[in-house]
Amino acid sequence: GGEAMQWNFPVGSAGTYEVRLYFKNGYTGTSTVGTRVFNVLIEGVPVLTNYDIIADVGHQVAIMKSFVVTSDANLDIDFQHVVENPLINGIEIVAVSTEGYLLATPSALDFGMVEVGTPAALPLTLRNLGSTTGIAIDPFTVATDFQASFGGMVLAPGASTVVMVTFDPAIGSGA
């Protein structure tokens, strides 16, 4: 019910930017699910709808959400009330060179609790933000217990693909 939170950042020139939003709910009056819910728009486009920090990561736990956007010389970020007041702890804006830039979304995968011997898989979207060249992508292993399974490919500029990332914990893997 309070004033809208609106930010207008002069970024110098039109281009592609990564906007990093930092959140951590520390107020005990909003420490349960549903007590602080809000929307976030960047350049007028919704990037978080009905966002509830507590439902996402819990009370007094920090998280960063990252979004790659195209902006004019002023980058606008708006926070809209749903329940209680919106919250932001930090905003970071980084210019992105789109030549050969591969964007992975979401920026983090949360597999939750996974029992040994019961693999879990989640989708990861890879998008080539480059303007002129394709990017070769080979199958990869992130860590001992994580793998992305797909054939190698060349991702054309502007194109995207979805790969499945599998978490398969092994006893004694050290991961």
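## Strands, salt bridges and selected residues in a predicted model

In this predicted model, strand 3, which covers residues 37-42, pairs with strand 4 in the antiparallel sense over 4 bridges. Two pairs of facing residues help to locate this arrangement. Val-40 stands opposite Leu-48 of strand 4, and Ile-42 stands opposite Val-45 of strand 4. The two strands form a hairpin with 2 residues between them. Glu-43 lies in the turn of that hairpin and has a positive phi of about 55 degrees.

Strands 3 and 4 belong to an open sheet of 4 strands, whose order is 1-6-3-4 and whose pairing is antiparallel. The edges of this sheet are strand 1 (5-10) and strand 4 (45-51), each of which pairs on one side only. From one strand to the next, the twist averages 10 degrees.

### The chain as a whole

The protein chain contains 1 helix and 14 strands. Of its 175 residues, 31% are buried. Among the contacts with a separation of 6 or more, 71% join residues that are 24 or more positions apart. The chain exposes about 9600 Å², and carbon and sulfur atoms supply 54% of that area.

### Salt bridges

Side chains of opposite charge can pair when their charged atoms come close. A search of the whole structure finds 3 salt bridges, which are set out below.

| Acidic residue | Basic residue | Closest N and O atoms |
|---|---|---|
| Glu-18 | Arg-20 | 3.0 Å |
| Glu-92 | Arg-20 | 3.3 Å |
| Asp-56 | Lys-65 | 2.9 Å |

Glu-18, Arg-20 and Glu-92 are linked in a network of salt bridges. In this network, the side chain of Arg-20 meets that of Glu-18, and Arg-20 also forms a salt bridge with Glu-92. The pair of Glu-92 and Arg-20 links distant parts of the chain, since Glu-92 is in strand 7 (residues 90-95) and Arg-20 is in strand 2 (residues 15-23), 72 residues apart.

The acidic partners can also be described by their accessibility. Glu-18 has a relative accessibility of 12% and therefore counts as buried, the limit for that class being under 20%. Glu-92 has a relative accessible area of 29% and is therefore partly exposed. Asp-56, the partner of Lys-65, has a relative accessibility of 32% and so counts as partly exposed.

### Asn-39 in strand 3

Asn-39 lies in strand 3, the strand that pairs with strand 4. Its relative accessibility is 14%, so Asn-39 counts as buried. The side chain of Asn-39 reaches the backbone nitrogen of Asn-50 at 2.6 Å. Neighbours within four places in sequence being left aside, Asn-39 is in contact with Leu-48, Thr-49 and Asn-50, and also with Asp-78, Phe-79, Gln-80 and Val-82. Leu-48, one of these contacts, is the residue that stands opposite Val-40.

### Asn-128 in strand 9

A second asparagine, Asn-128, has its place in strand 9 (residues 120-128). Asn-128 has a relative accessible area of 1% and is therefore buried. A polar atom of the Asn-128 side chain lies 2.8 Å from the backbone oxygen of Leu-155. Apart from neighbours within four places in sequence, the residues in contact with Asn-128 include Tyr-101 and Leu-102, Thr-133, Gly-134 and Ile-135, and Leu-155, Ala-156, Pro-157, Gly-158 and Ala-159.

### Thr-70 in strand 5

Thr-70 is placed in strand 5 (residues 63-71). With 61% relative accessibility, Thr-70 counts as exposed, because that class begins over 50%. Beyond neighbours within four places in sequence, Thr-70 is in contact with Gly-15, Thr-16 and Glu-43. Of these residues, Glu-43 is in the turn between strands 3 and 4. The C-alpha atoms of Thr-70 and Glu-18 are separated by 8.8 Å, while the two residues are 52 residues apart along the chain. Glu-18 is also a member of the salt-bridge network with Arg-20 and Glu-92.

Technical notes
Residues numbered from 1 in each chain as written. Predicted model: local features only at pLDDT ≥ 70, side-chain atom pairs only at ≥ 80, totals over all residues. Heavy atoms only, no water. Pairing = 2+ DSSP bridges. Axes fitted to C-alpha atoms, helices over the stretch in contact; angles between N-to-C directions. Salt bridge = Lys/Arg side-chain N within 4 Å of Asp/Glu carboxyl O. Buried < 20%, exposed > 50% of the residue type's maximum accessible area, 1.4 Å probe, protein only. Polar contact = N/O pair within 3.5 Å; in protein donor to acceptor, adjacent residues only side chain to side chain. Contact = heavy atoms within 4.5 Å. Areas by Shrake-Rupley, 256 points an atom, 1.4 Å probe, with all protein chains shown as cover.
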